[in-house]
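Student: I'm new to this structure and I'd like a close look at a single part of it. Could you walk me through it slowly, and then show me what else is worth looking at?

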Amino acid sequence: MIALPHSRFPDLAPAEAWMARRGWQPFAFQREVWQAMLDGRSGLLHATTGAGKTYAVWLGALMRDRVVAPAPSGARVLWITPMRALAADAVRALSQPLPDLAPSWHVGLRTGDTPSAQRTRQDRRLPEALVTTPESLSLLLTRPDARERLAGVHTVVVDEWHELLGNKRGVQVQLALARLRRWHPGLVIWGLSATLGHLQEAMAALLGHQHEGVLVQGRVDKDLVIDTLLPSDPGRFSWAGHLGGHMLAPVVQDIERSGTTLVFTNTRSQAELWYQMLLQARPDWAGIVALHHGSLDPNVRAWVEQGLKEGRLKAVVATSSLDLGVDFLPVERVLQIGSAKGVARLLQRAGRSGHAPGRPSRVTLVPTHTLELVEAAAARRAARAGRIEARSSPDKPLDVLVQHLVTVALGGGFEADDLLAEVRSTWAYRELTDAQWRWALTFVERGGPSLQAYPEYHRVQCIDGVYRVTDAGIARRHRMQVGTIVSEASMHVKYLGGACLGSVEESFIARLKKGDCFLFAGRLLEFVRVQDMTAYVRRAEKDRGAVPRWGGGKMPLSTEMADAVLELLDAADQGEFGEPELEAARPLLEMQRRVSRLPRPGTLVIERYRSREGMHLYLYPFAGRWANLGLASLLAWRLARDRPNTFSIAVNDYGLELLSAEPVDVAPVLDGSIFTIDDLLHDVWASLNATELSRRRFREIARVAGLVFSGYPGGPKSMKQLQASSSLFFEVFRKYDAGNLLLGQAEQEVLSQELELQRLTLTLRRLQLWRRVMVDLRQPSPMSLPLMVERFREKLSNEKLADRLARLLKDAQRGMDP
């Protein structure tokens, strides 16, 4: 037991004593949080992963409960987490101090996985501390007695706030917190995060722009090691996935000599492949190497998580499903397959190892192509400099507001002026106009001009000045799909004998014929049939199978990472290869410099190459995949505006390729005039199939706004049905309700999320200022080849792609050697 000096804060003594009995001494930031909470202040705690954030706010909440007015029985503290796995872990952590500090308290869990019997018990009486998700909290708010049931809540904690802040789930949390704060003006709210930029804005989004908060930064000395598994022969040419298989042996060796290892991949498809590769390399690891991603059955995921906690597993191949703060103390090493694409994501994954104060964290990057060696060194440099990506809250998404209006109308009803003030107190809706508010209110009350003849869209009724839901069917449907998580419709995958393996996107299953084989849940499966939105399978005997491709797999390189990469390329251009990763990538970088130019900060490299296909134009703005896609479409449209031409487009994180059938006048590119931001919105929409992009985005908006119902349990609607329904609404609104603000939201989301308009605008501005250098290539350069491969992959099978690449590499090598 550690002897602690007498506390300057007598009310903190129980918390300090509890920690002392475990051999711990509170950090200064923990005491700061405790005192702020005792003073009734809200805030944001930003501290290193594994530094003790949980007990900083949890012990503060327990101490605060001793000084607030006695509350009725029921919930006192709400703990909001973004993931169900994290919620279960939080229950275990929060339960630890209760026997000593609050013996009458219970910690309960309420998520979509909570058994109905447990939910029934909670319906009778909520536990003193309730761990829940944004969706389950909103469901609680739909109860007519919600205010009474949550009357004793004095503290709300939002864990992993960075995971929610930048998306609609975070907006859903903002609205729920505003509702709770209106009921309880003295409510204390705290957010937790280890990886946030723009901390003041992040705190304002959590607390609302009208409320001041305390920003606490927990600076705990903790060793962080970021290193790289260097390939034996990176080569002078490389493309996405080129080194993947070559890195298997070093990965196996690294796992073999380490303790429990987490192997992170960026996509579920990649996780499936690496899991199979590990077992093929080491069949004796069957049973001690596992797979974890969001499409697997919850029971499988729970088994893997428990195996990690108990140290029974040698390695787990995982996606972002294990990114967050689940406490796996046995994890000694983290491997990241490919680039993490962002500093925050890399730090988050590194924190899964050494997840305790004083223990070092280590993440080892495994490049899948040679330029990822440069990304690895850039990530280390950016992490050391503290260049963490900022996340911004979505700006007044009206589909979330529409859903919230129905939620509040169910949860006791609302008066329009009072709820407007409440909604405007949130960061996301601080600039909500009167016109937008009136539109949203009218939309839930009468469905707007095009739907007013249909009673099912008269969801809310105004009775004596109070808006309520009076139709039981509408109430039931709304409660069944509260939330903002919208993904591709999925099918359960089951063995013919009945055991469930997980779920796969419907679009993948739709392409399969009876007898086709595919890789899923770490097994090779043979497709048998579809029945009732379930794909039935059996174990396959064939050697090969397709891997499901899930949506949203490709993450763009962040601006912070891209800038760090350019800085390192600048050093390499000057002959400086101080980092081991740069030395390993040296053959490729020197080849690029010899046959072309290396991109550098302030310099746009433009390559031109003529082949039998036509004229290839390559630009390297390092703007990330999605901004480069918008830029490529924009440039193709502007180049063809005065001189008709046909373009094929390919993009990656570094650059873009425009392949044209006819020669292109590059003068506007060289003089920078093509990069103007004048008429940018008009040109972006003209350069794309804008209507189809908006229609696709509208499908998600329609589901969040409650226009499209996904179906009752046991009878879910197929993706084809949902798409048809949302497309019908889209066309009806365009023809008969052109002022429908959900149409405008669809356009804005396409621009901001799919094309990263803000980043595209900044890229155009800096390309106007950059020096532009044109190089005519005799053969493809090391940086242009990956763009060719991106384009070929859309057209060729693996066998044909291999033949094409062999010819390209032969051409590229010809005449390049000194």
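Which element gives the largest share of the lining of the second largest cavity?

Tutor: Before I get to that, keep in mind that this is a predicted model. The element you're after is α17, which supplies 4 residues of that lining. Let's stay with this spot for a bit. The second largest cavity holds about 60 Å³ of space. Around it you'll find Ser138, Gln172, Leu175, Ala176, Val400, Gln403, His404 and Thr407. Helix α17 has a partner here, as α10 and α17 each bring at least two residues to the lining. Sorted by class, the lining has 3 nonpolar and 5 polar residues, with no charged ones.

Now follow α10 over to another hole. A search of the whole structure turns up 3 cavities of 30 Å³ or more, and the largest has a volume of about 90 Å³. It is lined by 13 residues, and those closest to its centre are Gln174, Leu177, Ala178, Leu207 and Gly208. Helix α10 (168-183) gives the most to this lining, with 4 residues. Both α10 (168-183) and α11 (199-207) supply at least two residues each. As for the mix, the lining of the largest cavity divides into 7 nonpolar, 5 polar and 1 charged.

Back to α17, and to the loop that comes after it. With rings paired when their centres lie within 6.5 Å, the count comes to 14 aromatic pairs. One of them joins Phe414 and Tyr467, and this pair is stacked, with 5.1 Å from centre to centre and 10° between the planes. Phe414 sits in the loop between α17 (398-410) and α18 (416-424), while Tyr467 belongs to strand β15 (residues 466-468), so the pair ties together parts that are 53 residues apart in sequence. Are these two rings buried or exposed? Phe414 has 3% relative accessibility and counts as buried, and Tyr467, at 11%, counts as buried too. Another pair is made by Phe729 and Phe733, whose ring centres are 6.0 Å apart and whose planes meet at 40°, so this pair is tilted. These two Phe residues both lie in helix α29 (residues 719-736), 4 residues apart, which is about one turn of the helix. Phe729 and Phe733 are both buried.

That second pair belongs to a bigger group. Trp439, Phe443, Tyr457, Phe698, Phe729, Phe730 and Phe733 form one aromatic cluster. For a good way into this neighbourhood, find Leu451, in the loop between α19 (434-446) and β14 (461-463). Leu451 has a relative accessible area of 4%, so it is buried. Leaving out residues up to four places away in sequence, Leu451 touches Arg446, Tyr457, His458, Leu707, Phe729 and Phe733. Take Phe729 from that list: it is 278 residues from Leu451 along the chain, yet their C-alpha atoms are separated by 9.4 Å.

Some rings have a charge for company instead. The charged end of Arg430 sits over the ring of Trp427, 3.8 Å from its centre. Likewise, the charged end of Arg529 sits over the ring of Tyr536, 4.9 Å from the ring centre.

While you're turning the model around, look at two backbone oddities. Most residues other than glycine have a negative phi. Glu160, though not a glycine, has a positive phi of about 50°. You'll find Glu160 in the loop between β5 (155-158) and α9 (161-165), and with 7% relative accessibility it counts as buried. Phe622 is not a glycine either, and its phi is positive at about 55°. Phe622 is placed in the loop between β22 (614-619) and α25 (625-642), and it is buried, with a relative accessible area of 2%.

Finally, step back to the whole protein. There are 33 helices and 27 strands, and buried residues make up 59% of the 818 residues. Of the contacts between residues at least 6 apart in sequence, 73% join residues at least 24 apart.

Note on methods
Residues are numbered from 1 along each chain as its sequence is written. This is a predicted model: local features need pLDDT of at least 70, side-chain atom pairs count only at pLDDT 80 or more; totals for chains, interfaces and linings use all residues. Side-chain values use heavy atoms; hydrogens and water are left out. Rings of Phe, Tyr and Trp (its six-membered ring) pair if their centres lie within 6.5 Å; planes under 30 degrees apart count as stacked, over 60 as edge-to-face and the rest as tilted. Buried means under 20% relative accessible area, exposed over 50%, partly exposed in between (1.4 Å probe, protein chains only). A charge sits over a ring if NZ of Lys or CZ of Arg is within 6 Å of the ring centre and within 35 degrees of the ring normal. On a 1 Å grid over the protein atoms alone, a cavity is a set of points where a 1.4 Å probe fits but cannot get out, and a pocket is an open set with protein on both sides within 12 Å along at least five of seven lines; lining residues have an atom within 4 Å of a point. Grid points are joined across faces, edges and corners, and a volume is the space filled by probe spheres set on the points. Ala, Val, Leu, Ile, Met, Phe, Trp, Tyr, Cys and Pro count as nonpolar, Asp, Glu, Lys and Arg as charged, and the others, Gly among them, as polar. Contact means heavy atoms within 4.5 Å.
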